[in-house]
Structure formats: structure tokens, C-alpha cells
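Please walk through the charged pairs of this structure, and then through one pair of packed helices.

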Amino acid sequence: MATQYSSSFEAVPSAALSDPAHAILGPRRDAFFFWGAPLVAFLLIQAWLRGSDRLAPQAATGPMVIGLFGVISVLTWAHLIAVVPRAYLNREVFDAYRTRLTLVPLVLITSLLLSPTALVIAAVIAVFWDVHHSAMQNFGFARIYDLKAGNSPQQLRATDLRLNWALYVGPIAAGAALATHLSHFQRLDGTMLHALTALPGVLAAENHGIRLAAISLYTIVLGWTAVDYYRASQRGYRPPAHKLATMIVTGAVSILAWGFPPPLVALATVNLYHAIQYFALVWAKEGGRMTDKLGRGSRKRAALLFFAGSGIFGLGYAAAASGHLKWYVAPFIACSLLHFWYDGFVWSVRKRQV
């Protein structure tokens with residue numbers, strides 16, 4: 001495949017952000033829904049909280065905070081079900097992964113309903129897989145912009161994978177949010193993985209060393225990326241402006257969100273822009289197909305079913321999760337894991353399915 005696209009490397013210029021041919025939805029909409037979404041989310045949340053980066057614990061019960069996190073929680077849970085049109089209504093995707101999309105969900109949900117231990121372990125896995133999943137969504141947008149610019153899906157793939165993972169995970173490892181994520185290991189108390197409950201305390205004692213290691217690795221990855229991009233440019237590669245904007249904005253907001261506000265505010269920021277990007281991508285790629293299934297002139301109905309249906313799902317799980325009802329929580333945890341897993345193959349850039 002690299003040979004197939006090798007001739008395009010010499011001809012592809014670096015497109016400006018105003019070039020509609022290299023955008024997904026269009027220059028302005030991409031600036032809001034895709035590469036600019038992290039900054040939009042960060043500014044919206046700061047404005048909503050009136051710039052309260054140093055949110056005091058006693059303010060967590062304030063109506064402004066409760067309202068913000070309530071809406072974002074619903075959006076977060078709603079976006080999990082938004083993969084359905086892509087996975088199950090897109091005939092090409094469904095036929096390619098029929099077993100994964102039918103048998104695996106049944107086995108997973110049944111296991112989580114029957115085994116309390118499996119449910120707890122799955123809940124902890126979901127927390128950390130979510131971190132990787134969020135980083136990979138940014139990676140995916142970088143690959144899509146490369147594809148739209150005519151670059152090979154293989155060009156700089158490993159470099160972009162390292163970079164986008166570092167841009168998202170690095171600030172978490174170097175900041176206070178690491179302890180928040182590690183605290184979820186406490187859920188494993190009473191399971192076969194009980195020994196892992198000691199991990200947060202062990203790592204807390206090495207907090208300074210972990211921070212230095214995270215910053216050092218972050219710097220190394222940035223330098224490594226610069227070298228790879230320089231070498232690629234010597235061979236004629238020109239990175240699309242939209243791709244560069246995606247990585248620069250995501251990296252900057254990741255540092256701002258995870259490095260300065262409380263972890264709860266950072267989570268709100270990341271979950272908000274992640275959901276915005278995901279809803280926009282699904283609608284951009286599957287909105288036409290959903291409209292066609294409902295008949296001509298039914299675009300508004302398709303949009304209503306998609307967005308309102310996802311919202312109702314999110315609202316229902318927000319209510320169910322607050323009650324800790326096993327018969328609702330188990331399918332939700334399964335839905336989370338399936339969403340993370342599905343996104344690894346239903347949006348394949350290498351197979352040109354986007």
C-alpha cells in the first residue's frame with residue numbers, strides 16, 4: 001500500500017485551514033467540532049464556572065457545578081450508544097465484523113451480569129481504557145486529515161500514535177489526575193486482584209519520580225516526533241494544516257486541563273470535547289445513510305432520532321448509575337468497553353472506511 005501512495009507524497013501540499021477540500025465538515029465547522037473542539041470545550045467550561053480553576057471542594061455541591069457535570073455526564077454516556085449507526089446500520093462495516101458485533105456483546109453482558117467480580121474488574125478496566133480511547137480518537141482525526149490530503153495511511157502512523165498518546169496521557173501522569181485514576185483500583189478489594197488495591201499508595205510515595213519520568217518521556221516523544229517529521233519532509237511529505245491544528249490544540253488543552261484545574265474539571269473538559277467530536281463524526285459519516293433509511297426529506301427526523309435517542313440513553317444510564325442497579329450498570333459497563341473496542345476497527349483509516 002505504501003507503494004500505491006508513494007507518488008502522492010511529492011504532490012500533496014500543506015493545505016491551509018481555510019481549504020474546504022481538506023476539511024471533514026468544512027473549515028468553520030471543523031474548527032468548532034473537530035480540531036478546535038478541545039479549546040472550545042475548555043473555554044466553555046471555564047466560562048461556566050466563572051474561571052474558577054481552583055474550585056474548592058465545598059463548591060462541588062453548587063448548582064452551577066452540579067448542572068455542568070450533570071449535562072456532561074449525560075453527553076458522555078450518550079456518546080457510547082452513538083456508535084450504533086456506524087457499527088450496525090452501515091452494511092459494509094457490519095458484514096466485515098459480524099461476529100464481533102453480535103456474539104461478543106452477548107457474551108460480555110452475560111458475564112458481567114452473572115459475575116460480580118467480572119463486573120468490578122471490567123469497571124476498573126473501563127477507566128484506563130477510556131484514557132487510551134480518548135488519545136486514540138485524536139490519533140484518528142490526525143489520520144483522517146492525512147487521508148483527505150492524499151497521504152498514505154501508513155505514512156508517519158507509528159509516529160502519530162506515539163505523539164497523540166503522549167499528548168493526552170503525559171499530562172495525566174504528570175499531574176494530580178494520576179491519583180484520581182489510580183484510586184479506582186480500590187474497587188478491586190474483595191476480588192482475586194485484591195493486591196492491586198495497594199498500588200495507589202505505592203505510586204503515591206513515588207509521585208515526584210513519576211512526574212519527572214512523565215515529563216522526560218513527554219519531551220523525548222516530542223523530540224522524536226520532530227525528527228520523524230523532518231525526515232518525512234525531506235522525502236516530500238507536507239503535513240496537512242488541519243492535522244497540525246488537531247495535535248497542537250489537543251496537546252495545549254491537555255496540559256491546561258490536566259495540569260492546572262482540579263481533576264474533576266479536567267474530566268469535564270475532556271469528556272465534553274470528546275463527545276462533541278464523536279457525535280459530529282458519526283453524523284458526518286452516517287447521517288446521510290440514516291436519512292436514506294427513513295426516506296427522502298427525512299433528514300430532520302434522522303437527526304432527531306440520532307441525537308435525542310442518544311440523549312435519552314445517556315439520561316437513563318445517568319439515573320441508573322446513581323442508583324447502582326446491577327441490571328443497569330452491567331450493560332453500561334459492557335457498552336463502555338464495547339464502544340472503546342468497536343472504535344478500534346469500525347473507523348479504520350487504513351481500510352479507507354472513513
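In this predicted model, a search of the whole structure finds nine salt bridges. Side chains of opposite charge can pair when their charged atoms come close. Three of the pairs are described here, together with a network.

One of the bridges joins Asp 95 to Arg 98, with the closest N and O atoms 2.7 Å apart. Asp 95 is partly exposed, its relative accessible area being 39%. Arg 98 also counts as partly exposed, at 41% relative accessibility.

A second bridge is found between Glu 286 and Arg 289, where the closest N and O atoms are 2.4 Å apart. Both residues belong to helix H14 (residues 263–294), and because they are three residues apart in that helix, about one helical turn separates them. The two partners differ in their surroundings: Glu 286 is buried, with a relative accessible area of 1%, whereas Arg 289 is partly exposed, with 33%.

The side chains of Lys 243 and Asp 160 also meet in a salt bridge, at 2.6 Å from N to O. Lys 243 sits in helix H13 (residues 241–259) and Asp 160 in helix H9, so this bridge ties together parts that lie 83 residues apart in sequence. Are the partners buried or exposed? Lys 243 is buried, with a relative accessible area of 0%, and Asp 160 is likewise buried, with a value of 0%; the cut-off for buried is under 20%. This pair is part of a network of salt bridges that links Arg 143, Asp 146, Asp 160 and Lys 243.

Asp 160 leads on to the packing of its helix. Two packed helices are described by the angle between their axes and the distance between the axes. For helix H9 (residues 157–174) and helix H12 (residues 207–234), the axes come within 9 Å and cross at roughly 160°. Angles over 145 degrees count as roughly antiparallel, so H9 is roughly antiparallel to H12. The crossing in which H9 passes H12 is left-handed.

On the H9 side, the residues that make the contact include Asp 160, Arg 162, Leu 163, Ala 166, Leu 167 and Gly 170. On the H12 side, they include Ile 210, Arg 211, Ala 214, Tyr 218, Trp 224 and Asp 228. What is the make-up of this contact in nonpolar, polar and charged residues? The residues of the contact divide into 14 nonpolar, three polar and four charged. Asp 160 thus has two roles in this account: it takes part in the contact of H9 with H12, and it forms the salt bridge with Lys 243.

Key
Residues numbered from 1 in each chain as written. Predicted model: local features only at pLDDT ≥ 70, side-chain atom pairs only at ≥ 80, totals over all residues. Heavy atoms only, no water. Axes fitted to C-alpha atoms, helices over the stretch in contact; angles between N-to-C directions. Helix = DSSP H or I, 4+ residues; strand = E, 2+ residues; numbered from the N terminus. Parallel < 35°, antiparallel > 145°, perpendicular 65-115°, else oblique. Left-handed = near helix turned anticlockwise from the far one by under 90°. Contact = heavy atoms within 4.5 Å. Nonpolar A, V, L, I, M, F, W, Y, C, P; charged D, E, K, R; others polar. Salt bridge = Lys/Arg side-chain N within 4 Å of Asp/Glu carboxyl O. Buried < 20%, exposed > 50% of the residue type's maximum accessible area, 1.4 Å probe, protein only.
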